[in-house]
Amino acid sequence: MITLGIETSCDETAAALLEDSRILANAVYSQIEHGMFGGVVPEIASRAHLEKVDRLAAAVMKDASLAPRDLGLVAVTDSPGLAGALLVGVSFALGLHVRYGMPVIGVNHLEGHISAIYLSRPDIETPFLALVVSGGHTAIYRVDGVEKYACLGRTVDDAAGEAFDKVGKMLGFSYPAGRAIEEEARRAAATDNGPSFPMARLSSSSLDFSFSGLKTAVKYFLAEKGAAFARDNRPLICKAFQEAAVIALVNNCAAASEASGIRRIALVGGVASNTRLREAMRQRLGDMVYFPPPTLCVDNGAMIACAGYRRFKLGLTRFPHMDPGGAL
Ligand code: KG4
Ligand code: ZN
C-alpha cells in the first residue's frame, strides 16, 4: 500500500511516500525564513508551509512516478506543534481525502519520531526504550507497540535541542544551531581542556531532564569572559556545552535501562543526529543502541507515513484532530 506522509508541525515542511514500510520518496523543506530571528516565528512558519506543502507533495509523487489516485492512505501530523502550522498540513491532507476519498490518519509528532526507527530497523523487538530528543521535546518512553507508550521521564524546562539553539545564538550561530555547534566542537583539539559546565541534578530516582541551568551557566560564563574570549575559544566552549548535554542524556538513558531492564534503545529526533551523542550512547550502553540516519532523525514525512501505516494495519485509525499541545 502507498502512504503519503505530511509533516508541518514546526519549521520543516515535509512529504514522503512509502510503499508499505519502504521509502519511495522523501522531500523536506527546512524553513530558512526563521534564521535571522533566532527561533521559529509561528506566523512565518504557517505561511511558509502554505506556500510549500502542495509543491513537496507533488515533488514526491513525481519522484515515485505516482498519481494521487495511487495513494492508499494519507498520514498527517495533527499534534503537538504550532497550531497554525499543523492546520496547514491537516487541511492539505483533508483536501486530498475530499477529492480522492482515501483514508486519512492523524499522527502524533512524537509517535512519528519514534516510528522512524522502524524505517532503519524494521525488526526491532518490543519492548524498547526511545529517547526522543529534538528542538521541542526531550523524553524517554518505554515502547511496547503502537499506542503503547509510557513516558519514563521528560524535560522539566528546555528541550535539549532548544538548549543547543539558544547557546548557539549566544555564540553567534544562526537558528537552528545544533549541527553548527557539533561541527564547531569538532574543531577543538581532543586534548584541550576547556571549561566544564555543570548539569542540574534532579532527585536520584527521577528520569526527568533539565537543560535550562546548563544554558544559563553558558550565558554567565560568556558574560564573565567577554566577547573576544568567546570568539577565540568557540570550539572549546561548544565542545564543553555539547559534552554536558550529551552526558545528561546518556546518564538518564542508562538509569532508565537499568530500572526497566530493557537494553534496546532507539535514539530519535533532530538531536539524535549528533555524532558525539551516538558515540557516547554506544560507549555506555552497548550495541543495542539504534538510531535512524540523520535525514530520518530531523522532522520528515517518512516517519509520519510510517507511524500512520503501522496504525492503519492494526485498524487503529484516527481521524486527524488538531491538538497543538497533544502529549504522547
Ligand atoms: O526533530 P527536529 O527536526 O524538530 C523538532 O521536532 O524539534 O529537531 C530539531 C532540533 C533543533 O533544535 C536542532 O538544533 C537540533 O535538532 N539538531 C541537532 C543536530 N542536528 C539538529 N542538535 C545537536 N546536534 C546535531 N547534529
Ligand atoms: Zn520533531
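This report describes a predicted model, taking in turn a zinc site, two helix pairs and some details of the backbone.

## The zinc site

In this model the zinc ion (ligand 2) is held by three protein donors, His-109 (NE2), His-113 (NE2) and Asp-299 (OD), which lie 2.0 Å from the ion. The angles among the 4 donor atoms of the zinc ion (ligand 2) run from 95 to 134°, and the site is tetrahedral, the class being assigned because all angles lie between 85 and 135 degrees. For comparison, the ideal angle for four tetrahedral donors is 109.5 degrees.

Along the sequence, the donor residues of the zinc ion (ligand 2) follow the spacing H-x3-H-x185-D. Distant parts of the chain are thereby linked, since His-113 belongs to helix H3 (residues 109–120), whereas Asp-299 sits in the loop between helix H10 (294–297) and helix H11 (301–313), 186 residues apart from His-113.

## Packing of H1 and H2

Helix H1 (residues 42–63) and helix H2 (residues 83–100) have axes that come within 9 Å of each other and cross at roughly 25°, and therefore H1 is roughly parallel to H2, as angles under 35 degrees are placed in that class. The crossing of H1 and H2 is right-handed.

On the H1 side the contact is made by Ser-46, His-49, Leu-50, Val-53, Asp-54 and Ala-57, which meet Gly-84, Ala-85, Val-88 and Phe-92 of H2. Sorted by class, the residues in the contact of H1 with H2 comprise 6 nonpolar, 3 polar and 1 charged.

## Packing of H8 and H9

A second pair is formed by helix H8 (residues 234–260) and helix H9 (residues 275–285), which pack at an angle of about 35° with their axes 10 Å apart; the crossing of H8 and H9 is likewise right-handed.

From H8, the residues Gln-242, Glu-243, Val-246, Leu-249, Val-250, Asn-251, Cys-253, Ala-254 and Ser-257 meet Arg-276, Leu-277, Ala-280, Met-281, Arg-284 and Leu-285 of H9. The contact of H8 with H9 contains 9 nonpolar, 3 polar and 3 charged residues.

## Backbone details in loops

Two cis peptide bonds preceding proline can be described here. The bond from Thr-126 to Pro-127 is cis, with omega near 0°, and Pro-127 has its place in the loop between H3 and strand E6 (128–133). Tyr-175 and Pro-176 are also joined by a cis peptide bond, for which omega is about -10°, and Pro-176 lies in the loop between helix H4 (160–170) and helix H5 (178–186).

A further backbone detail concerns Asp-20, a residue other than glycine whose phi is nevertheless positive, near 50°. Asp-20 is found in the loop between strand E2 (12–19) and strand E3 (22–30).

Methods. Residues are numbered from 1 along each chain as its sequence is written. Chains are lettered from A and ligands numbered from 1 in the order in which they are written. This is a predicted model: local features need pLDDT of at least 70, side-chain atom pairs count only at pLDDT 80 or more; totals for chains, interfaces and linings use all residues. Side-chain values use heavy atoms; hydrogens and water are left out. Axes are lines fitted to C-alpha atoms, for helices over the stretch in contact, and angles run from 0 to 180 degrees between N-to-C directions. Helices (H or I, at least four residues) and strands (E, at least two) are DSSP runs, numbered from the N terminus. Angles under 35 degrees count as roughly parallel, over 145 as roughly antiparallel, 65 to 115 as roughly perpendicular and the rest as oblique. A crossing is left-handed if the near helix is turned anticlockwise from the far one by less than a right angle, and right-handed if clockwise. Contact means heavy atoms within 4.5 Å. Ala, Val, Leu, Ile, Met, Phe, Trp, Tyr, Cys and Pro count as nonpolar, Asp, Glu, Lys and Arg as charged, and the others, Gly among them, as polar. Donors are N, O and S atoms within 2.8 Å of the metal (3.2 Å for Na, K and Ca); water is not among the atoms, so sites may look incomplete. Four donors count as tetrahedral if all angles lie between 85 and 135 degrees; four count as square planar and six as octahedral if opposite donors are over 155 degrees apart and all others between 65 and 115; anything else is irregular.
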